Amino acid sequence: MKAVSRLSVLANRLRSPRSSRLPADVAEEVVLHAFKSGYRHVDSARVYRNEGPCSQAIKKSGIPRSEIFFTSKVPPRAMGYEATKSSINSSFSQTGLDYIDLYLIHAPYGGKQARCGTWLALLEAQQAGLIRSIGVSNYGVHHLNELESYIAELEAHNGKGKGGEISVGQWELHPWLARPDIVEWCRKRGIVVQAYCPIVRGQRFEEPVLKGLVEKYKGKTAAQVLLRWSLQKGFVPLPKSVTLSRIEENADIFDFQLADEEMKLLETGEYAPCSWDPTTSDD
């Protein structure tokens, strides 16, 4: 099964712990616990400095490698063809994995030449069988249009299908940052949309609309309601936690469903990032 097809299956199950900024000395333990709780997708990155511990958890889990989906990302400091090749090599050196399921461009920094060079390096690694799927993170619509044009240029020169495919895009997404323009761009092209910070780092748990839904769905937390919203929007939510009980809680969201009117109540129309926002970069 293609990596992106497996990711689409995962989109129906959540099962996607985000490893960002997990300290290396606890990352292995946390990911192993996530696996025991049913998770199968680990979202890592070069800048998190925990690819190694995450891969150790994969190896120690006893779960067949084919059932685990591992993501890493090109760091902003490694943009450009040669630097990205080195980044990919470092990922394999640190993880010892035979392949990586998904490799994303972490942010659209460095200018057009660097972005295109990074895409080409990822494409070559994919064609060599090292990476199953490639994509982007934190790209604005103008960055996405630029990449789509570059892919068309590669296809014009090398042949149809030889420019690569944006299989997955990852953004901060939640009711206070729904990014309808980016989401629509991706959906028109069949791109899987991943949502990081889906519970807004707990900063919105006291919002009246959210408290009302928690009151209605007895036994469910604000985090679970927000993850349910993300799933019903068609996203692959990537909750992050080092607390073992919360890892289990974040996966317990398949026994209820928000009504259409409740989904609409959570359409706030706000543009309020709780993390960085490279989508606005004009670099």
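**A tour from Q170 outwards**

Start by selecting Q170 and Q194: their side chains are joined by a polar contact of 2.7 Å. Keep in mind as you look around that this is a predicted model.

Stay on Q170 for a moment. It's found in strand β5, residues 168-172. Is Q170 buried or exposed? Its relative accessibility is 0%, so Q170 counts as buried.

Next, click on V136, which touches Q170. Leaving aside residues up to four places away in sequence, V136 also touches L104, I105, W119, L144, L147, I166, V168, G169 and W171.

Now colour the largest nonpolar core, a set of 66 residues. Which residues have the most contacts inside it? They are W119, V136 and W171. Then select helix α9, residues 222-232: the largest share of this core comes from α9, with 7 residues.

For the last stop, go back to L144, one of the residues V136 touches. L144 is in helix α6, so show all of α6 (residues 141-158) along with helix α7 (residues 180-188). Their axes come within 10 Å and cross at roughly 25°. That angle is under 35 degrees, which makes α6 roughly parallel to α7.

Zoom in on where the two helices meet. On the α6 side, pick V141, L144, N145 and E148; on the α7 side, pick D181, I182 and W185. What kinds of residues make up this contact of α6 with α7? They divide into 4 nonpolar, 1 polar and 2 charged.

Terms used: Residues are numbered from 1 along each chain as its sequence is written. This is a predicted model: local features need pLDDT of at least 70, side-chain atom pairs count only at pLDDT 80 or more; totals for chains, interfaces and linings use all residues. Side-chain values use heavy atoms; hydrogens and water are left out. Axes are lines fitted to C-alpha atoms, for helices over the stretch in contact, and angles run from 0 to 180 degrees between N-to-C directions. Helices (H or I, at least four residues) and strands (E, at least two) are DSSP runs, numbered from the N terminus. Angles under 35 degrees count as roughly parallel, over 145 as roughly antiparallel, 65 to 115 as roughly perpendicular and the rest as oblique. Contact means heavy atoms within 4.5 Å. Ala, Val, Leu, Ile, Met, Phe, Trp, Tyr, Cys and Pro count as nonpolar, Asp, Glu, Lys and Arg as charged, and the others, Gly among them, as polar. A nonpolar core is a set of buried Ala, Val, Leu, Ile, Met, Phe, Trp, Tyr and Cys residues joined through side-chain atoms within 4.5 Å. Buried means under 20% relative accessible area, exposed over 50%, partly exposed in between (1.4 Å probe, protein chains only). A polar contact is a pair of N or O atoms within 3.5 Å; within protein, one must be able to donate a hydrogen and the other to accept it, and residues adjacent in sequence count only if both atoms are side-chain atoms.
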